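Colleague: Could you take a close look at one loop for me, and then walk outward from there into the parts around it? I'd like one connected account rather than a list.

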Amino acid sequence: GGTATYGPFAVTASRSLPASGAAPDGLERLPRPADLSPAPILPEATTSGAPSALPPASEARPGPELEPGAPDDLPGDACASAAPVAARLTLRGTGLYFVSAADIAAALNLSSAEAQKAVKTGGLQLSSRGNDVSWLAAVDNTGLYFYGQAAGSLFAADNVYWLQKGSGRRMASRGGKIPSPVALASFAATSRTDPAELAALGMFSDPTVDYWVSLPLVGGNATLGSRTFGLRSDGAARTGQATLTVRLLGLSNTRSGRDHHVRLSLNGTVIGEAAWSGTAPHQAVFPLDPALLSDGDNSVQLLALLDSGLPYSILCLDSLELTYQRWYRTLDGALTFPAPASGSAVTVDGFSSPNILVLNLADPLAPRRLTSVRVEPWDGAYRATFQPDDARAAYLAIAAEAIPRLITLSADTPSSLRSRSG
């Protein structure tokens with residue numbers, strides 16, 4: 001029940017703020033999750049018409065220099081005092097990654113021969129959030145591949161993986177009969193745009209929801225009443241059904257009836273209007289003519305109207321979600337897709353090289369490699385045909401040169417409370 005008083009205090013700034021773009025002391029910028037240096041060739045699968053090797057990596061696709069934080073940038077004595085227990089890997093996007101044996105050697109204080117032997121014998125344990133993660137050895141044991149997942153959290157940009165010496169979980173594989181190619185087909189795909197321009201913290205009571213929205217639109221205002229947002233529809237077949245789901249948020253409440261009125265256009269064509277009241281979220285679903293979609297970028301315009309009798313209207317966009325039919329065709333050498341409901345074989349085209357890997361992603365921690373894949377030249381590129389082994393699973397088909405090399409390895413040596421700093 002007592003009261004303690006402290007102060008007054010005088011505060012004097014002893015130094016200037018860091019330059020624009022620099023990180024304050026004690027903080028560090030997040031490293032780029034991966035570069036696009038070419039990965040070595042994939043282990044040979046049971047294929048038809050596919051060569052067993054790729055051109056040298058330097059000819060296949062040169063990559064940018066390593067970013068700070070990569071193993072090549074570790075101080076010379078980083079591992080001299082104590083052998084690291086594990087290597088820490090961070091990533092942001094979901095997909096297949098390559099980790100080179102050279103980077104593993106640097107992070108775990110191993111020789112190149114020791115790192116390659118650990119890859120060959122399965123002597124590397126990969127885990128994330130306490131779960132073992134399976135991996136696939138590269139040809140000549142020059143590294144390993146694994147399927148990484150984004151953090152999926154509002155409170156963490158990166159997901160963390162740990163690599164250490166130990167009994168590893170090798171990626172399983174499944175063979176079978178190599179199917180014949182089938183005609184190019186399409187599947188239902190989803191594309192989403194989430195503006196992150198304004199943190200509308202006061203508009204949400206659930207701490208787990210995404211509270212980032214667009215900057216406000218002002219109804220009837222010639223300058224602030226209209227916004228255009230990008231929305232992709234890669235590989236759009238421009239057939240079948242397509243819908244656009246628009247999630248909006250009211251920021252004003254005049255208590256005089258319908259507060260907000262929005263007109264939407266897709267690539268210059270009006271597709272509908274939405275109206276609602278108060279400071280509340282609103283969702284509207286618009287059926288689309290699939291012929292309106294472009295193979296790639298689309299523009300969605302929101303025009304905030306001010307209805308008669310209303311003094312003002314302020315609103316924002318939460319998200320745009322497009323469902324459309326997409327061809328079984330790669331973008332930048334990779335495609336993630338569902339199995340056909342019919343259970344038929346799948347042909348994916350658009351690969352720039354014949355060294356192609358197909359994974360069953362039913363368990364993202366332990367993908368299963370499908371080795372019975374027919375690879376053949378097609379229309380100036382390559383196509384791959386395989387028989388899905390699980391109608392409920394998602395699949396990834398990816399060319400070797402499209403697999404990014406993860407460069408965020410760093411040695412992790414646990415500290416000891418009993419040790420004294422020098």
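Modeller: Happy to. Let's start with Arg 255, which sits in the loop that joins β16 (242-250) to β17. This is a predicted model, and in it Arg 255 is exposed, its relative accessible area being 73%. Along the chain, Arg 255 and Gly 278 are 23 residues apart, yet 7.3 Å separates their C-alpha atoms.

From the loop we can step into the strand that follows. Strand β17 (residues 260-266) pairs with strand β20 (residues 296-305) in the antiparallel sense, over six bridges. One of the matched pairs is easy to find on screen: His 261 has Leu 305 in β20 as its bridge partner. These two strands belong to an open sheet of four, ordered β15-β20-β17-β18, with antiparallel pairing. At its edges lie β15 (226-233) and β18 (269-276), each of which pairs on one side only. From one strand to the next, the twist averages 25 degrees.

The sheet leads on to the nonpolar interior. The largest nonpolar core has 46 residues, and Leu 244, Leu 302 and Phe 337 are the ones that touch the most other members. The strand that gives the most to this core is β21, with five residues. Leu 302 repays a closer look: setting aside neighbours within four places in sequence, its contacts include Val 262, Arg 263 and Leu 264, along with Ser 226, Arg 227 and Phe 229. Leu 248 and Leu 317 are also among the contacts of Leu 302. There is a second, separate core of 25 residues, among them Ala 87, Val 99, Leu 144 and Tyr 161. As a general point, nonpolar side chains in soluble globular proteins tend to be buried together.

Since β21 came up, follow it to its partner. Strand β21 (residues 314-327) and β11 pair in the antiparallel sense over eight bridges, and Leu 322 in β21 stands opposite Ser 191. In a regular strand, side chains alternate between the two faces of the sheet. Strand β11 (residues 186-193) has Phe 187, Ala 189, Ser 191 and Thr 193 on its covered face, while Ser 186, Ala 188, Thr 190 and Arg 192 make up the uncovered one.

For a helical counterpart, turn to α3 (residues 112-121), whose buried residues are Ala 115, Ala 118 and Val 119. Viewed down the axis of α3, these buried residues fall within an arc of 100 degrees, so they line one face of the helix. The other side of α3 has Ala 113, Lys 117, Lys 120 and Thr 121, which are exposed. Among the elements that cover the buried residues of α3 are α2 (101-108), β5 (124-128) and β8 (143-148). Just after α3, Gly 122 adopts a positive phi of about 75 degrees.

Strand β8 also brings us to another loop: Gly 152 lies between β8 and β9 (159-165). Gly 152 is exposed, with a relative accessible area of 79%. The C-alpha atoms of Gly 152 and Gly 93 are separated by 9.5 Å, and the two residues are 59 apart along the chain.

Before you build on any of this, a word on confidence. The protein chain has a mean pLDDT of 85, with 81% of its residues at 70 or more. Residues 15-39 stay under 50, and over residues 45-81 the pLDDT is below 50 as well. Where pLDDT is low, the predicted coordinates should not be read in detail.

Terms used:
Residues numbered from 1 in each chain as written. Predicted model: local features only at pLDDT ≥ 70, side-chain atom pairs only at ≥ 80, totals over all residues. Heavy atoms only, no water. Buried < 20%, exposed > 50% of the residue type's maximum accessible area, 1.4 Å probe, protein only. Pairing = 2+ DSSP bridges. Axes fitted to C-alpha atoms, helices over the stretch in contact; angles between N-to-C directions. pLDDT = per-residue confidence, 0-100. Contact = heavy atoms within 4.5 Å. Arc of directions from axis to C-beta. Core = buried A, V, L, I, M, F, W, Y, C linked by side-chain atoms within 4.5 Å.
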